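Work through these exercises with the model open in your viewer. Try each task before reading its solution.

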Amino acid sequence: MTRRPDILIIMVDQLNGTLFPDGPADFLHAPHLKALAARSARFANAYTASPLCAPGRASFMTGQLPARTGVYDNAAEFASDIPTFAHHLRGAGYHTCLSGKMHFVGPDQLHGFEERLTTDIYPADFGWTPDYRNPGERIDWWYHNLGSVSGAGVAETTNQMEYDDEVAFHAIQKLYRLARVSDAPDRQPWCLTVSFTHPHDPYVARRRYWDLYEDCPALEPEVGFIPAEDQDPHSQRLYLASDYASFDIRREQIRRARRGYFASISYLDDKVGELIGVLEATGMRDDTIILFCSDHGDMLGERGLWFKMCFYEGSVRVPLMLAGPGVTPDRIDAPVSNLDIASTLCELAGIDPDSVAPWTDGQSLLPLIAGGTRTAPVLMEYAAEGSYAPLVAIRDGRYKFVHCEIDPPQLFDLESDPRELDNLATWPEHGALVAEFMQQVRGRWDMAAFDKAVRESQARRWIVYPALRNGAYHAWEYEPRQNAAERYMRNHMDLNELEDSKRFPRGE
């Protein structure tokens, strides 16, 4: 039997895919990611399934759109009976492990992972539930605001740095443990997912990374601030949701926020270098598939918008690179989705694609890597904070179409208008194309049923969450398990055997 590849997934948070036109942009100080890109299949037009953490990550794990997973927002429960790539791989004999963030909401904090090395950085309960019954209401204690922009700058440690330093440390230790058994004849193949929270705001970085961008040419947005009255309706709602009225954001603050974001990419690059360095030092690199991805992007001040939560390119485009045995390095321009990752991983692991297909809305990327073509459009959904009703989007060829039942349509030609400045849906000569896209929308979504399901989910959680916080509270947050009696040196162990078994490569 051909040896099945090991799989290392490196996931980051809120990394804008427009900065990865063919690997990292030239101005980014990211030598390790650039080296990875040089030996990767690089997907220049990859998209999230939903531009928000929990729904985007549930879709990444399952290959299913939010309307199918029921993970509509950052406080919607991810049901335990939905198969993920971790379930598929584990069922096929892989050891599956997670170090870092995945923003699972609910009592199941594993979703197919056999082992989890850290807790999550975000809450696992229903406390961040939006409320469509009160459109325009800001839930101040957890909604984004522009404090991340006004407070951008330098720090040697933060909540997020502490977390990502821990994620990397535990992942590196895990890789060494895997290396120790890599030559065992009965070894399991493994899939290790290492998921960082940078470069997610706040836009704060350590001095050594901040200083890399003193003369960065990309500190100014390409599309400047657009007044609220000139924005599309959803962007107007995002201005309200982000509490723009309480902030007076100046040009220098925008530059500092973008600088902190770019510096955080360089911080992550060092983490990537450490992980791949362990693979190289232990001789595991050539047998390991490496997948680099993000859950969604960040608008970074383009059009006046920050963070995500919309279908503009900065928010929904994500980096996606795949390297390893059998993968030919190349740039692939066909639009693809994070929905495709689950099917791709399963095919790489030798799992029958027909057994996975019923459980995903995506397609394997391997035919594209082999030089094939794809005609299926990329689908996206959003039904969380800042929205008053679900939004859907279709990327089909050169066009992107955005629909919401309460808004006028949007249509952009991304080849001739990559900055999305001309809404072609308002042009009479594009009426037929708008009608074609609306036919696709009606054929793919029952928008009334989608809206009803979201509202019912929110309403249930608005009853359950306060009830569970009244009286004894039993948290769902994951607590990493460590048996100290079996770590390092203990008196039931033979010291000589222990030292030899923990050494890699073995002593002579």
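**Exercise 1. Which residue in β13 stands opposite Ala46?**

Ground rules come before the solution. The model is predicted, so local features need pLDDT of at least 70 and side-chain atom pairs count only at pLDDT 80 or more, while totals for chains, interfaces and linings use all residues. Residues are numbered from 1 along each chain as its sequence is written, and side-chain values use heavy atoms, with hydrogens and water left out.

*Solution.*
- Step 1. Find the elements: helices (H or I, at least four residues) and strands (E, at least two) are DSSP runs, numbered from the N terminus.
- Step 2. Locate β3 at residues 46–47; it pairs with β13 in the parallel sense over two bridges. Two strands pair if DSSP finds at least two bridges between them.
- Step 3. Read off the residue opposite Ala46: Val336.
- Step 4. Place the pair in its sheet. Three strands form an open sheet, ordered β10-β3-β13, with mixed pairing. β10 (317–318) and β13 (336–337) each have a single partner strand, so one side of each lacks a neighbour in the sheet.

**Exercise 2. Sort the residues of β1 by direction, then find the partner strands of β1.**

*Solution.*
- Step 1. Check burial. Buried means under 20% relative accessible area, exposed over 50%, and partly exposed in between (1.4 Å probe, protein chains only). In β1 (residues 6–13), eight of eight residues are buried.
- Step 2. Recall that side chains in a regular strand alternate between the two faces of the sheet.
- Step 3. Split the strand. Asp6, Leu8, Ile10 and Val12 point one way, and Ile7, Ile9, Met11 and Asp13 point the other way.
- Step 4. Take β9 (residues 288–294): it pairs with β1 in the parallel sense over seven bridges. Ile7 has Ile289 as its bridge partner there.
- Step 5. Take β7 (residues 190–199): six bridges join it to β1, and the two run parallel. Asp13 has Pro199 as its bridge partner in β7.

**Exercise 3. Describe the largest nonpolar core and the surroundings of Trp306.**

*Solution.*
- Step 1. Define the set: a nonpolar core joins buried Ala, Val, Leu, Ile, Met, Phe, Trp, Tyr and Cys residues through side-chain atoms within 4.5 Å.
- Step 2. The largest core has 91 residues, and Trp306 is among those with the most contacts inside it. Helix α9 (residues 251–281) gives the largest share, 13 residues.
- Step 3. List contacts (heavy atoms within 4.5 Å). Beyond four places in sequence, Trp306 touches residues including Leu146, Tyr203, Tyr244, Arg258 and Asp298.
- Step 4. Look elsewhere: another core, of 44 residues, lies apart from this one and includes Cys346 and Leu348.

**Exercise 4. How many of the nine residues of α11 are buried?**

*Solution.*
- Step 1. Locate α11 at residues 340–348; eight of the nine are buried.
- Step 2. Name some of them: Ile341, Leu345, Cys346 and Leu348 are among the buried residues.
- Step 3. Continue past the helix. Gly350 follows α11 and has a positive phi, near 80°.

**Exercise 5. Characterise the second largest cavity.**

*Solution.*
- Step 1. On a 1 Å grid over the protein atoms alone, a cavity is a set of points where a 1.4 Å probe fits but cannot get out; lining residues have an atom within 4 Å of a point.
- Step 2. Its lining includes Asp232, His234, Tyr312, Lys400 and Glu420.
- Step 3. α8 (233–241), β16 (399–404) and β17 (410–413) each give two or more residues to this lining.

Definitions and conventions:
On a 1 Å grid over the protein atoms alone, a cavity is a set of points where a 1.4 Å probe fits but cannot get out, and a pocket is an open set with protein on both sides within 12 Å along at least five of seven lines; lining residues have an atom within 4 Å of a point.
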